[in-house]
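Colleague: I have some questions about the labels in this model. Please give me the reasoning behind each one.

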Amino acid sequence: MITLTVPAQDRLGVRVFQAALSADEMQRDKAQLLQALFGDPDIDPAHVELFDVADLSDLGLAGYLAEGLGIPEAALQADRPPLDALKGPVVILLSRALHGREVTLSLDPRLTLVGTYREDRPPVHFEPLPTAAATGVLAPPPQPAPPAQRPTAVFVLMALALVLMAVVALWLALG
C-alpha cells in the first residue's frame, strides 16, 4: 500500500491523482468513496474534486488547474503534456480537505499521483475607501434609556399593610 504524508503547514497544496474508477463507482456517495480511496475518515469532500477529464472539453486538465484552481502557469509548464493526455476520472485533493492537520494517507491502489502543486494566492491588500463618508471614528451606539421604575410587589404589599394598620389604629382609637 502506498502512503502519502501531507504536512500540517501545507495549506495551499493541490494533489492530482488519476483514478481507475468505474462509472458505477463515480456515482457512489462521494464522502464514502473518498474515505476509501485515501484511508482517512475525516477527509472533507467539499475540498476534493472527482470528475472525468472528458467533462472539461477544450479547457483540458492543465487549463482547469491554472484557471480554476490558481496554479501558476510556470508550475504547470513541464507537466502540461502529461496532464492534458490524461483520460478518465481524476481526483484533485486540496490540502484544506485535511483540516490543517498532518496526515499520512493510505492511497487505494486505484489512485496514481500525477502531480503536486501549490495554489498561487497573492497577499491580501486593503486600500482605503474612496469616499469622505468612510473617514472618521464611529461613535459608540447610544445607550438605551433605563426602563421606568415600577413599584414592586413587596412595595405594594407594604403600602397595603400600612394602610390596614392605620385603619385598625383609627378603629381602635374611635371605638
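Colleague: Where is Asp108 found?

Modeller: This is a predicted model. In it, Asp108 sits in the loop between strand S5 (103-107) and strand S6 (111-118).

Colleague: Why is Asp108 called buried or exposed?

Modeller: Buried means under 20% relative accessible area. Asp108 has 15% relative accessibility, so Asp108 counts as buried.

Colleague: What does the side chain of Asp108 reach?

Modeller: The backbone nitrogen of Arg110, at 2.8 Å. The cut-off for a polar contact is 3.5 Å. Leaving aside neighbours within four places in sequence, Asp108 is also in contact with Ala36 and Leu37.

Colleague: How many aromatic pairs does the count come to?

Modeller: The count comes to 2 aromatic pairs. One of them joins Phe17 and Phe38.

Colleague: What makes the pair of Phe17 and Phe38 stacked or edge-to-face?

Modeller: Centres must lie within 6.5 Å, and planes over 60 degrees apart count as edge-to-face. Here the centres are 5.3 Å apart and the planes are at 70°, so the pair is edge-to-face. Phe17 lies in strand S2 and Phe38 in helix H2, so the pair ties together parts 21 residues apart in sequence. Phe17 is buried at 0% relative accessibility. Phe38 is buried, also at 0%.

Colleague: Why do the rings of Phe51 and Tyr64 count as stacked or edge-to-face?

Modeller: Their centres are 5.5 Å apart and their planes are at 75°, so this pair is edge-to-face. Phe51 is in strand S3 and Tyr64 in helix H3, so parts 13 residues apart in sequence are tied together.

Colleague: How do you know whether Phe51 is buried or exposed?

Modeller: Phe51 has a relative accessible area of 12%, so Phe51 is buried. Tyr64 is buried at 17%.

Notes: Residues numbered from 1 in each chain as written. Predicted model: local features only at pLDDT ≥ 70, side-chain atom pairs only at ≥ 80, totals over all residues. Heavy atoms only, no water. Helix = DSSP H or I, 4+ residues; strand = E, 2+ residues; numbered from the N terminus. Buried < 20%, exposed > 50% of the residue type's maximum accessible area, 1.4 Å probe, protein only. Polar contact = N/O pair within 3.5 Å; in protein donor to acceptor, adjacent residues only side chain to side chain. Contact = heavy atoms within 4.5 Å. Phe/Tyr/Trp six-rings, centres within 6.5 Å; stacked < 30°, edge-to-face > 60°.
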